[in-house]
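User: I have a model on my screen and want to go through its cross-links, charged pairs and one of its helices. Can you take my questions in turn?

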Amino acid sequence: MRAASIVLAFVLTSCGSGHDATPAIDRRCIALPGDNVAIEPSKAGKSYFPGSFGKPAQVCNFKGYPECFATISKVENDWYPQYWDAAGEPSLYERSRAATTAGTSTLRFTWLPTFHHPVIVRIERSGKEAKLVANQLSGEGGYEPGIVEREVTRPLSAIEIAKLDAILSATKVLKQRATDCNSGLDGSQWIVEGADRNGYHFVNRWSPQEGPVREFGDFALTLSGWTFEERY
């Protein structure tokens, strides 16, 4: 998929909470034009997003006048799942709907740079323990995913878990709005997801230079132990 051909429809909704993961809806969407997006399962048959993410929810001004956009555009619904499928990743939305015990949760950071290898870092937590699962794909974030070319699975140390908790507390990254109206052609998507007893959480930013998503994403990439030519 060529990044230059992607028409991004990003929105400013909340991250979604509860098992239905229903994003906040801007009341102006009642009167403004906006189309529904059919949220379909991935080619591997996984439902990565709830149907509510396809409803008009956020006002953005891309064409010089306000319009209402869904949390996930048709392009994104086709785009992101390709990479999760290629990496053999689970659907965190589906996990959020399954019975979970207190203290059990999953965090995932997905980095999709247009011209560089995609990286997916997942953190599985259970009580005081946590496990890291990181995969780098052979493709590029703005084209095709390719296959897993390197991976690492290991337990996190007590110090790493403490740093993770500190970052989550300081940034409140999972409580940020699902996405904003910033977009571009050549850059990268920084996606943070969470699944716990409170439901599914989704936060998406395009090439953030600072802020909660950037801080959490940088930390997740560092946990992989890999070095990168650049992070953008």
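Analyst: The answers below go through disulfides, salt bridges, backbone angles and a helix of this predicted model.

User: How many disulfides are there, and what pattern do they follow?
Analyst: A disulfide is a covalent bond between the sulfur atoms of two cysteines. In this model the count is 2 disulfides. With bonded cysteines counted along the chain, the pattern is 1-3, 2-4.

User: Which cysteine pairs with C29, and what does the pair tie together?
Analyst: The sulfur atoms of C29 and C68 lie 1.6 Å apart, and the two form a disulfide. C29 sits in the segment before β1 (56-60) and C68 in strand β2 (residues 67-70), so the link joins parts 39 residues apart in sequence. Both C29 and C68 are buried. The partner of C29 is C68.

User: Is the C29 and C68 disulfide right-handed or left-handed?
Analyst: Look at the torsion about the S-S bond of C29 and C68. The torsion is about 70 degrees, so this disulfide is right-handed.

User: Where does the disulfide of C60 and C181 reach, and how many residues separate the two?
Analyst: C60 and C181 form a disulfide with sulfur atoms 1.9 Å apart. C60 is in strand β1, while C181 is in the loop between α3 (158-171) and β7 (188-196). The pair links distant parts of the chain, and the separation is 121 residues.

User: What is the handedness of the link between C60 and C181?
Analyst: The angle about the S-S bond of C60 and C181 is -80 degrees. That link is left-handed.

User: Which of C60 and C181 is buried, and which is partly exposed?
Analyst: Buried means under 20% relative accessible area. C181 has 24%, so C181 is partly exposed. C60 has 1%, so the buried one is C60.

User: How many salt bridges does the whole structure hold, and which residues form a network?
Analyst: Side chains of opposite charge can pair when their charged atoms come close. A search of the whole structure gives 12 salt bridges. Some share partners, and these join one network: E89, R95, R108, R122, E124 and E193.

User: What does the salt bridge of R125 and D165 tie together, and how far apart are the closest N and O atoms?
Analyst: R125 is in strand β4 (residues 119-126) and D165 is in helix α3, so the pair ties together parts 40 residues apart in sequence. R125 is buried at 13% relative accessible area. D165 is partly exposed at 34%. The closest N and O atoms of R125 and D165 are 2.7 Å apart.

User: Where does D180 find its salt-bridge partner?
Analyst: D180 forms a salt bridge with R205, with the closest N and O atoms 3.6 Å apart. D180 is in the loop between α3 and β7, 25 residues from R205. Both D180 and R205 are buried. R205 lies in strand β8 (residues 199-206).

User: What separates D218 and R214 along helix α4?
Analyst: D218 and R214 form a salt bridge, with the closest N and O atoms 3.0 Å apart. R214 is buried, with 12% relative accessibility. The two are 4 residues apart in helix α4 (residues 212-223), so their separation is about one helical turn.

User: What phi does K172 have, and what phi does S207 have?
Analyst: Most residues other than glycine have a negative phi, and most peptide bonds are trans. K172 comes just after α3, in the loop between α3 and β7. S207 is in the loop between β8 and α4. Neither is a glycine, yet phi is positive: about 50 degrees for K172 and about 45 degrees for S207.

User: What span should α3 have, and what span does the model give?
Analyst: α3 has 14 residues, taken at 1.5 Å a residue. The expected span is 20 Å, and the end C-alpha atoms are 20 Å apart, so the two agree at 20 Å.

User: Which residues of α3 are buried, and what covers them?
Analyst: The buried residues of α3 cover an arc of only 125 degrees around the axis, so they are on the same side. The face turned away carries the exposed residues A158, I159 and A170. The buried ones are E160, I161, L164, I167 and T171. Their cover includes β3 (104-113), β4, β5 (129-137), β6 (148-155) and α4.

Definitions and conventions:
Residues numbered from 1 in each chain as written. Predicted model: local features only at pLDDT ≥ 70, side-chain atom pairs only at ≥ 80, totals over all residues. Heavy atoms only, no water. Disulfide = S-S within 2.5 Å. Buried < 20%, exposed > 50% of the residue type's maximum accessible area, 1.4 Å probe, protein only. Salt bridge = Lys/Arg side-chain N within 4 Å of Asp/Glu carboxyl O. Expected span 1.5 Å × (residues − 1). Arc of directions from axis to C-beta. Contact = heavy atoms within 4.5 Å.
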